[in-house]
Structures are given as structure tokens and as C-alpha cells.
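I opened my notebook to get a first feel for this chain. My plan was to go from the overall fold to one pair of packed helices.

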Amino acid sequence: MKWEIVMNNDYLRIDIQSKQGDIEYDSDSSPKSWEHYNRNYQNKYRLYSDFDFDNLEFAQWDGKTISYINAPDINSDKNRLFAFATNGTLFDANPHVFRIGGETDWDFKQNSYWQKNKFGKLNNLVTDSNIKERLEGCKVMHHTLLNFSIMPATGNMQGVKSEGYGDSLDRFDSFVSIIDDYYQGENEIILSKARGNRKSLIKYLTYFEDVYDYFEQHYFINDEDFIKRLVESGKKNIENQNDVERYVSLAEDYWELKEKYIMNL
């Protein structure tokens, strides 16, 4: 199914529903999100032609055949589509193994399960009504195209992002800081969940010069001062209302910058 998207600022801020056609998806790896990725990453992402953005696949792992099955799980509400590398050897991977998927950048989702309820954990630190209102605005942005980007699925960088430096708040600033750590020579955190795909993830990361190049390629923003703010913030704990305000301000600035860059691609 092809989705008709009108190219204006509004389409970037519309909530992307999980049910598309007859299948329930993770919104950030759904057909509608992939149409957005395909349109925009061809203009910015250096490795665009090395992944098959036009022939997306499901990737249900079959342990018996040691391969991926290109079919949705009808019992799941979290189906995901991936773009596989057209030549796995570029990433030191076997054929049809290395793949990228969609990822939600800033996690402000409210969830009934406390461990997954990032919004609730942040909201509980806030008493100021203005900050609470801004935090509510961040929650509204959670499932929008401005808050979705691509990420390697092979190597489990998503797991690294979710855990961060140990607070498990799925913080985008901490993830950017961890990427910077890697390019500064501290590689253990970013590779900590890669398991057998460690070599492939290292190869993927060699295609980017530093955190600024990685950031521009994946998130479109070319602003060193803003990226430095993310790196510095990512190393700090979120323990009080001022910390939450710092984090919310970064998210707001991120979406504003990303919107500007996308509209000028």
C-alpha cells in the first residue's frame, strides 16, 4: 500500500497510527514511516543505495533454518519492516543479514507498565505547570515523523539507546553521547549488545567520520553546537525538575531543527 503524503510542515507532526492496512506495526517501522524515510534519506544518507529501501521486508527469525522469514506475525501488534543491505559484505555480514529499521528518537510515551513509562517517570519529577505542559507537548510528538529516524537493527543499537548510561530512560541525548564516546575511542557501550554482530556494527560505524557526521546522516541536522549540547546533557542524570526542563528543551529544539532541515532537503 502506498501512502499519499502532502509535503508540508503538518505532515511531519501527524500521529502515525500503528494499524496500517490489516497489520499492526511499530509505528516507526511501518509503511507510512518508510515512505517518509525513502523520500528523505536518498537526499542525505550516504549509504542509501546500499540498502533496499524499495523492497522492505519483515524479519521473523526462524531458528530452524537460521534465516529471516519475510512475513508479518498476525498475533503481534509490533510488526516491523526493514531495509536489508544489498551487499552484506560491505558490513562484514553474511548475505541478507545486515539491516536497518525505524526508531523513535525521543521516548515520551506514557505506558501502563511503570518500567516502560518514560513519560510518567519524567512527569513525576515536575511540579511547575509550564514544564508539565511542555512535557505533554513532547508526549504528543512521540509517534510523529519528526521523531522517527533510521537505525541499524543488526547490532542492537536500540538496546544500547534504551539502557543509556544505566538509567534505562531510552534517552536520545545519552545515545548521542554514547556515539560520541565511540568516535573518541571508548567503544564498549555502543558495542555492548551487538553479540555476534559486533564486527558488522563496527564496520557500519566506519562509514561515518565522527558524531557530527553520524548525526547529520541519520537525523539530518548539521549543527555542531546543538550536537555538543546533546552530548553534554547525555552524560548528566535526570533527577529533578531542572533536569527535565533541560531534556524537554533539547527535544523541542531538535524537532524544530529537524523540521527546518527536512523541509529544505
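Before counting anything, I noted that a contact here means heavy atoms within 4.5 Å. With that in hand, I looked at contacts in the chain with a separation of 6 or more: residues 24 or more positions apart account for 69% of them.

I'm reminding myself that this is a predicted model. I checked the confidence next: the mean pLDDT of the chain is 94, and 96% of the residues reach 70 or more. Residues 1–7 are another matter, with pLDDT below 50, though the model still gives this stretch 14 contacts beyond near neighbours in sequence. Where pLDDT is low, the predicted coordinates should not be read in detail.

Then I tallied the secondary structure and got 9 helices and 7 strands. The radius of gyration is 18 Å, close to the 18 Å that the globule rule gives for 265 residues, so the chain is as compact as a globular protein of that length. I also looked up the extent of the C-alpha trace, which spans about 55 × 45 × 40 Å along its principal axes. Of the 265 residues, 49% count as buried.

Last stop: how do H5 and H7 pack? Helix H5 (residues 172–183) and helix H7 (residues 211–219) pack at about 135°, their axes 9 Å apart. That makes H5 oblique to H7. On the H5 side I listed Phe172, Phe175, Val176, Ile179, Asp180 and Tyr183, which meet Val211, Tyr214, Phe215 and Tyr219 in H7. By class, I wrote down 9 nonpolar, no polar and 1 charged residues for this contact.

Terms used. Residues are numbered from 1 along each chain as its sequence is written. This is a predicted model: local features need pLDDT of at least 70, side-chain atom pairs count only at pLDDT 80 or more; totals for chains, interfaces and linings use all residues. Side-chain values use heavy atoms; hydrogens and water are left out. Axes are lines fitted to C-alpha atoms, for helices over the stretch in contact, and angles run from 0 to 180 degrees between N-to-C directions. Helices (H or I, at least four residues) and strands (E, at least two) are DSSP runs, numbered from the N terminus. Angles under 35 degrees count as roughly parallel, over 145 as roughly antiparallel, 65 to 115 as roughly perpendicular and the rest as oblique. Ala, Val, Leu, Ile, Met, Phe, Trp, Tyr, Cys and Pro count as nonpolar, Asp, Glu, Lys and Arg as charged, and the others, Gly among them, as polar. pLDDT is the predictor's confidence in each residue, from 0 to 100. The radius of gyration is taken over C-alpha atoms; the globule rule is 2.2 Å times the number of residues to the power 0.38. Buried means under 20% relative accessible area, exposed over 50%, partly exposed in between (1.4 Å probe, protein chains only).
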